[in-house]
Amino acid sequence: MDEESAYYECHYAPCARIEREPRQFSICGRCQETRYCGTQCQQRDWPYHKKYCRERPHRECAPQQLMLPHRTDGAPDR
Ligand SMILES: [Zn+2]
Ligand SMILES: [Zn+2]
């Protein structure tokens with residue numbers, strides 16, 4: 001266990017708020033690294049963050065399979 005008692009800064013640059021108590025901010029659900037003071041900041045930063053945001057890698061090194069969408073909403077097949 002390494003308890004970190006660091007105070008994180010909101011990742012959304014123009015905001016720059018800092019936690020007042022540890023783990024006050026919410027973490028990005030995908031990468032579990034980036035912190036925001038609120039969902040608004042997360043949403044605003046998302047267009048930029050999504051380029052860097054990666055889901056935490058799974059342990060298995062299985063070859064990546066692209067999941068094709070199973071939609072049948074009539075994609076025109078010309
Ligand atoms: Zn913020
Ligand atoms: Zn993320």
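In this predicted model, the zinc ion (ligand 2) is held by four donor atoms: SG of Cys28, SG of Cys31, NE2 of His49 and SG of Cys53, at 2.0 to 2.3 Å. The angles among those donors run from 102 to 114°, which makes the site tetrahedral. If you want to pick the donor residues out of the sequence, look for the spacing C-x2-C-x17-H-x3-C. Two of the ligating cysteines, Cys28 and Cys31, are buried.

Now for the nonpolar side of things. The largest nonpolar core is made of five residues, namely Cys10, Tyr12, Phe25, Tyr36 and Cys41. As a rule, nonpolar side chains in soluble globular proteins tend to be buried together. Phe25 is a handy residue to click on here: setting aside neighbours within four places in sequence, Phe25 is in contact with Tyr8, Glu9, Cys10, Arg17, Ile18, Glu19, Arg35, Tyr36 and Cys37. Cys10 and Tyr36 from that list are also members of the core.

The backbone has a couple of spots to check too. Arg23 and Gln32 each have a positive phi without being glycine. Here is how they line up:

| Residue | Phi | Place | Relative accessibility |
|---|---|---|---|
| Arg23 | near 60° | segment before β1 (26-27) | 57% |
| Gln32 | about 55° | loop between β1 and β2 (35-36) | 43% |

So is Arg23 buried or exposed? Arg23 counts as exposed because its relative accessibility is 57%, and the cut-off for exposed is over 50%. Gln32, at 43%, counts as partly exposed.

Key
Residues numbered from 1 in each chain as written. Chains lettered and ligands numbered in written order. Predicted model: local features only at pLDDT ≥ 70, side-chain atom pairs only at ≥ 80, totals over all residues. Heavy atoms only, no water. Core = buried A, V, L, I, M, F, W, Y, C linked by side-chain atoms within 4.5 Å. Buried < 20%, exposed > 50% of the residue type's maximum accessible area, 1.4 Å probe, protein only. Contact = heavy atoms within 4.5 Å. Donors = N, O, S within 2.8 Å, 3.2 Å for Na, K, Ca; no water. Tetrahedral: all angles 85-135°; square planar, octahedral: opposite > 155°, others 65-115°. Helix = DSSP H or I, 4+ residues; strand = E, 2+ residues; numbered from the N terminus.
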